[in-house]
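New to this one? Here's a quick briefing to read alongside the structure.

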Amino acid sequence: MKIQITIAILSVVALSGCDVRKFATDPAVNVTEVAALRKALGGGAAAVGPSTAETATPVGWATVQGKITLTAAVATTTKGVDKDPQVCGTMAPVEDVVTGPGNGLKNVVVFLANKIPSEETPWVHPSYAATKDTVVDFDQKKCIFLSHVLAMRTSQPLKILNSDPIGHNTSINFLSYNSIIPSGSSDQIVPAKAMSEPSPVTCSIHPWMQAFLFTSKHPYFAVTDENGAFKLENVPAGIDLEIRVWQEKSKFISGDVKVNDAAQKWSKGRMPKMNLADGDSKDLNIVLDVAMFQ
Amino acid sequence: MFRNLGLLASVVGLGVFAIGCDAPVANFRLNRAFERKMEIANLGDEKAHLSTQQVQDVAEILTALFGTPDDPNMPAVEGVDVAKVADPYLLKIAAGKVGSDQNGVAHGLYREHCVHCHGISGDGAGPTAYFLNPYPRDYRPGIYKFKSTKKGAKPTHDDLMKTLKNGIAGTAMPSFALLDDQELDALAAYVRYLSIRGEVERKIWTYATADLENDPEKNEFPRLFEVTDDQDKLKEQLAPYVEMVNEVVANWVAPEPVAIAAPKKELQVQDVESIARGRALFYGQIANCVSCHGESGLGDGQRDFYDDWSGEWVEKGKPQLTAEYVALGVMPPRNLIPRNLRLGVYRGGHRPIDLYWRITNGIEGAQMPAAPMKAADAGPEVKGLTPSDVWDLINYVRAMPYEALSQPPAQQSPVAKENL
């Protein structure tokens with residue numbers, strides 16, 4: 001009897017002992033398809049070559065500009081902070097939704113998501129050549145990043161400054177950058193890598209500090225000012241422009257929006273494609289429901 | 001009746017006991033948590049999912065590119081000798097079932113030595129992972145802490161070999177110094193292979209959620225490819241995935257270690273002046289070590305961060321998402337604790353050169369930033385550390401375990417007061 005009980009206990013252990021955690025099983029692969037794919041991949045990269053997605057060629061230049069406003073203002077809030085109070089104070093502003101005069105939505109990134117295959121005419125207007133490697137300043141003061149949302153070209157040097165009397169470190173994970181910026185000094189990097197959406201900039205010494213950086217190979221991007229205004233100048237005309245809209249709190253803006261008083265539905269921040277003629281200027285008056293940001 | 005029931009349980013139980021828990025076929029597990037994260041980020045509706053067909057497509061592309069744990073494959077890359085990154089023969093002996101061939105060469109090395117912690121897919125979630133702190137490394141994001149290269153660059157082969165040979169002090173990672181060099185080369189190659197596979201997988205999930213014309217509302221989810229007999233057409237469809245492989249592999253080809261400026265004079269453990277200078281730097285505003293490692297150096301300065309591996313699954317104010325990711329197979333996130341420098345245990349190696357790399361390059365995946373460097377002949381008006389400052393700092397850090405903590409930091413000193 002004793003032996004039986006022992007065996008029974010052992011058995012229960014054996015039964016329950018398998019696999020501590022069970023996860024949903026992955027779908028089984030279709031081996032015929034895998035074989036076909038493998039065969040197609042057989043020659044490796046040399047045999048395939050990069051995809052040629054964009055076939056239309058632009059004809060001239062157009063401008064897209066506008067204003068993004070909310071249906072109501074959003075009150076600014078602050079949060080308590082607890083490090084280096086002699087410099088940082090005890091409260092820091094929460095800047096994930098900032099509205100200005102006329103309920104303009106500040107710090108929205110509006111950018112062209114099309115693949116821009118070249119940096120020459122007809123894709124990129126010659127006027128952008130002058131600013132291609134202009135240094136962009138990114139400063140911090142009183143433990144606040146002065147540019148809360150910053151957009152720049154991948155070719156522009158980013159000069160990270162520290163105007164505080166204490167040390168900061170600036171970490172941009174997307175660029176694998178994390179360096180100490182001593183008080184009153186600066187460091188400079190060239191991002192080189194383009195982002196598909198704005199990526200956080202943080203300081204580990206003062207964890208409440210946060211900003212967002214967006215890098216783009218082409219110059220067609222804008223960050224809205226306190227009136228919610230943005231302008232994409234000299235975008236290529238005659239192609240289907242795909243413009244995406246990103247905001248810190250809502251990320252890519254999705255759902256019902258009003259553009260020039262007409263209802264639209266955006267998915268993943270994508271405006272309906274627009275094709276502009278040479279010399280056109282498109283004005284967009286975009287109104288977003290404040291509920292999206294609460 | 002009870003007796004019969006007991007007997008029945010015994011028979012069934014014994015059967016299971018005899019058969020064991022072994023999974024029948026070794027398969028790579030998809031990174032479902034990352035899939036979910038990308039769905040939430042890119043599908044525009046938190047409740048939306050990719051279709052089962054799309055998930056199967058991802059598995060098929062990955063299998064076509066990288067094979068299976070029993071039969072790994074390293075895809076060819078234009079203009080790159082992939083054998084230098086992951087040699088097919090080395091992959092073969094690292095992969096598969098444990099055993100040896102007729103020449104006595106051991107096979108299945110990964111499954112013999114690594115899999116129980118690092119998992120069959122290299123996800124750092126093997127069966128023993130749950131008992132370990134720190135967790136075993138998840139290779140799939142392709143991020144490595146202990147390396148001689150700059151932030152953003154991959155570790156060199158030597159860096160991986162050092163970790164394999166020495167283990168990681170203060171963690172469950174043991175030394176594999178008893179394996180011969182070819183076996184260690186094979187494991188390093190296999191780890192690179194798992195990272196490359198994991199990084200490509202992440203790109204595919206991002207692509208499938210962000211770039212395909214998915215429409216959750218109309219329930220339209222296009223496939224990632226359509227199988228056709230037309231080889232050219234199929235190749236064209238696979239081009240984006242080939243490009244992902246090219247991008248990932250390019251970073252793994254010949255990463256360069258950062259050159260080290262030799263100290264002015266040989267490092268000496270008893271160099272009290274250097275230690276005192278290092279101490280001032282440790283507590284100073286430029287290196288600012290104290291802000292995370294703490295006034296005491298016990299690693300208690302800043303304890304609410306996450307490293308990249310855990311931090312990926314934590315979103316402020318959304319614990320339900322973390323729970324969902326954990327249910328999909330990631331390790332429950334843990335805070336990153338800055339190193340206690342009073343122990344004299346250095347995970348990335350205790351040699352001064354290791355500490356030099358940690359300080360000047362920062363630690364990838366963790367929050368440790370790179371120290372701001374300046375030229376050796378730069379004046380005091382330029383803020384930063386000279387290479388010789390870094391050596392002083394290293395001298396102090398190496399002296400910390402022997403410094404008394406029983407007095408407040410302002411009064412204690414390992415050296416005579418006049419030297420400070």
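What follows is a short tour of two chains, from overall make-up to a few sheets and a helix pair.

Keep in mind that this is a predicted model. Chain A holds four helices and 23 strands, while chain B goes the other way with 16 helices and two strands. The tour takes in two open sheets of chain A, one with five strands and one with four, and then a pair of helices in chain B that cross at roughly 115 degrees.

**The two chains in numbers**

- Chain A runs to 294 residues, and 48% of them count as buried.
- Chain B has 420 residues, with 52% of them buried.
- In chain A, take the contacts between residues at least 6 apart in sequence: 68% of these link residues at least 24 apart.
- For chain B, 64% of the contacts with a separation of 6 or more are between residues 24 or more positions apart.
- Chain A has an accessible surface of about 13500 Å², and carbon and sulfur atoms account for 54% of that.
- In chain B the accessible surface is about 20000 Å², with 55% of it belonging to carbon and sulfur atoms.

**The five-strand sheet in chain A**

- If you trace this open sheet across, the strand order is β8-β14-β13-β10-β11, and the pairing is mixed.
- At the edges sit β8 (149-153) and β11 (177-181) of chain A, each pairing on one side only.
- From one strand to the next, the twist averages 25 degrees.
- Start with β8(A) and β14(A), the latter spanning residues 210-216: they run parallel and are joined by five bridges.
- Two bridge partners to look for here: L150(A) goes with L213(A) in β14(A), and M152(A) goes with T215(A) in that strand.
- Next comes β13(A), residues 199-202, which pairs with β14(A) in the antiparallel sense over four bridges.
- Along that pairing, you'll find P200(A) opposite F212(A) of β14(A).
- So how covered is β14(A)? Mostly: six of the seven residues in β14(A) are buried.
- As background, strands in a sheet pair through backbone hydrogen bonds, in either a parallel or an antiparallel way.

**The four-strand sheet in chain A**

- This open sheet is antiparallel, with its strands in the order β15-β4-β18-β19.
- Its edge strands are β15 (221-223) and β19 (251-252) of chain A, and each of them pairs on one side only.
- Strand β4(A), residues 109-112, pairs with β15(A) over three bridges in the antiparallel sense.
- To find that pairing in the structure, look for V109(A), which stands opposite V223(A) of β15(A).

**A helix crossing in chain B**

- Now switch chains and find α15(B) at residues 352-361 and α16(B) at residues 387-399, whose axes come within 10 Å of each other.
- The two helices cross at roughly 115 degrees, and the crossing is right-handed.
- On the α15(B) side, the contact is made by P352(B), L355(B), Y356(B), I359(B) and T360(B).
- On the α16(B) side, it is made by P387(B), V390(B), W391(B), L393(B), I394(B) and R398(B).
- What kinds of residues make up the contact of α15(B) with α16(B)? Nine are nonpolar, one is polar and one is charged.

Notes: Residues numbered from 1 in each chain as written. Chains lettered and ligands numbered in written order. Predicted model: local features only at pLDDT ≥ 70, side-chain atom pairs only at ≥ 80, totals over all residues. Heavy atoms only, no water. Buried < 20%, exposed > 50% of the residue type's maximum accessible area, 1.4 Å probe, protein only. Contact = heavy atoms within 4.5 Å. Areas by Shrake-Rupley, 256 points an atom, 1.4 Å probe, with all protein chains shown as cover. Pairing = 2+ DSSP bridges. Axes fitted to C-alpha atoms, helices over the stretch in contact; angles between N-to-C directions. Left-handed = near helix turned anticlockwise from the far one by under 90°. Nonpolar A, V, L, I, M, F, W, Y, C, P; charged D, E, K, R; others polar.
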